[in-house]
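Reader: I should be grateful for a close look at one part of this model, namely the loops and what surrounds them. Please then place that part in the context of the chain as a whole.

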Amino acid sequence: MEPETIETELASAIDTAQKFLPDWAVALIAYATAALIALLLFRVLFTALNRAVADRDLFWRSLVARGAQPMRLILLIAALGFANGLAPASAAVTSAITHILLVALILCLAWIAYTALYIWTTIHLRRFKLDAEDNLLARKHVTQTRILMRVAKVMIVILAVAAALMTFPAVRQYGVSLLAAGGAAGIVVGLALQPVLKNLFAGIQLALTQPIRIDDALIVEGEWGNVEEITSTYVVIRIWDWRRLVVPLSYFIEQPFQNWTRESADLIGTVMIYLDHTADVAAIRAKAEEITRADPLWDGKVFALQVTDFRERVMEVRILASARNGPRTFDLRCHIREELVAWIQAKMPLALPRTRADLSPAEAAFLGASSGEAAPSEARSGEMPST
């Protein structure tokens, strides 16, 4: 049957019912019948769509599953709107129901837009694993997608609420009067919302330029940690001892900070050792290289041992070794330091820092006598034996 024929038949049925029932009862029956038909139609359409997307990819299956509630609401709105045009209700009631259905339709469309965006984002991020060894690409996509998703969510809510409010004549007239009054009210509102807008625009800038990403290793306010979450207003950093540092988004646009994983997670670790001037640097370099090469944390890229300073009591030896990320680099430094110091203590104890003093022959003889030993014959004025 054509829509015009259906509408004519329904109008005839309503006219007949009005002969036996009051208008308000007929209107309620019309609305209830329309809602029941909409629910039955939803059941039929939902079953058909499930069968249609059974062999399609995950996006379409998720869209049908998560879109079930919005689709049911749209069918109810359409059916009630159709019944509202036929029900024998007063003009005020008909106008109020029409307005309510219009607001519900606007909010339902916003719901559908957010659902589709959420499904696409979830499926898009399934391709990237943050727990991978080299997760630079994953961190880029996850950070950008999550920030833009939050911004899009805020924009959808703002547009939906604004569109719904503009359906009310009083609010629409108030908005027109505000625009006509000039920009004074806008300036006041802008100043009041400055922190919110500042962080919102900072979030958009972070998503585009990406100075930080999810799981980046940062040093912020003297604390080392990984970016755990980026919201529309702040960033949560998981510090190495499991504390959480919460920082406003605008901080990363205005303040300097260290990002250890900006381009790659590879880092060079530094081990500083202080030795006696008589230490055999070549032997220590060979042993340090042996320890580094045997450690599975080393990535095989960088190793160096150099004497970087020579002081009056010790010489400073610096060891450089690289690893795939910050935590592995820290553990590698600890392993090198522990094993090298143990080897020096066992094989080269005289290479450890010592304190020297100038002793005259009389002082050397006195110290030897007080300790029950003969004074060393080679102890002469000007020499510096160990004490």
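Author: Helices (H or I, at least four residues) and strands (E, at least two) are DSSP runs, numbered from the N terminus. In these terms, Glu-221 sits in the loop between strand 1 and strand 2 (223-230). The structure is a predicted model, in which local features need pLDDT of at least 70 and side-chain atom pairs count only at pLDDT 80 or more, while totals for chains, interfaces and linings use all residues. Residues are numbered from 1 along each chain as its sequence is written, and side-chain values use heavy atoms, with hydrogens and water left out.

Glu-221 is not a glycine, yet its phi is positive, at about 55 degrees. Most residues other than glycine have a negative phi. Glu-221 is exposed because its relative accessible area is 58%; exposed means over 50%, buried under 20%, and partly exposed in between (1.4 Å probe, protein chains only). A second residue of this kind is Trp-242, with a positive phi near 75 degrees. Trp-242 belongs to the loop between strand 3 (234-239) and strand 4 (244-248), and with a relative accessible area of 72% it too is exposed.

The loop that precedes strand 1 offers a buried residue. Ile-212 is placed between helix 9 (194-209) and strand 1 (217-220), and its relative accessibility is 1%, so it counts as buried. Leaving aside residues up to four places away in sequence, Ile-212 touches Thr-143, Leu-206, Leu-218, Ile-230, Val-235, Phe-252, Phe-257 and Asn-259, a contact being heavy atoms within 4.5 Å. One of these partners, Thr-143, is 69 residues away in sequence, with 8.1 Å between the two C-alpha atoms.

Charged side chains mark further loops. Arg-354 and Asp-276 form a salt bridge, with 3.2 Å between their closest N and O atoms; the term requires a side-chain nitrogen of Lys or Arg within 4 Å of a carboxyl oxygen of Asp or Glu. Arg-354 is in the loop between helix 12 and helix 13 (361-370) and Asp-276 in the loop between strand 6 and helix 11, so the pair ties together parts 78 residues apart in sequence. Asp-276 is buried, its relative accessible area being 0%, whereas Arg-354 is partly exposed at 24%. Asp-309 and Arg-311 make another salt bridge, again with 3.2 Å between the closest N and O atoms; Asp-309 is partly exposed at 32%, as is Arg-311 at 36%. Glu-223, Asp-241 and Arg-243 are linked in a network of salt bridges. The whole structure holds ten salt bridges.

Helix 11 and helix 12 border on the loops of the Arg-354 and Asp-276 pair. Within helix 11, Arg-293 and Glu-289 are four residues apart, about one turn of the helix, and their side chains form a salt bridge of 3.0 Å, N to O. Arg-293 is exposed at 54%, while Glu-289 is partly exposed at 28%. Helix 12 (residues 326-347) has 22 residues, which at 1.5 Å a residue should span 32 Å; the end C-alpha atoms are 31 Å apart, in agreement. The expected span is 1.5 Å times one less than the number of residues. Buried residues of helix 12 include Leu-332, Leu-340 and Trp-343, and the buried residues of this helix pack against strand 6 (267-275), helix 11 (281-294) and strand 8 (315-323). Phe-330, also in helix 12, is partly exposed at 49% relative accessibility.

As for the wider setting, the chain has 13 helices and eight strands, and 32% of its 387 residues count as buried. Of the contacts with a separation of 6 or more, 65% join residues 24 or more positions apart.

The mean pLDDT, the predictor's confidence in each residue from 0 to 100, is 77 for the chain, and 77% of residues reach 70 or more. Residues 178-185 have a pLDDT below 50, and this stretch makes one contact beyond near neighbours in sequence. Residues 374-387 are also below 50, but there the model has 22 such contacts.
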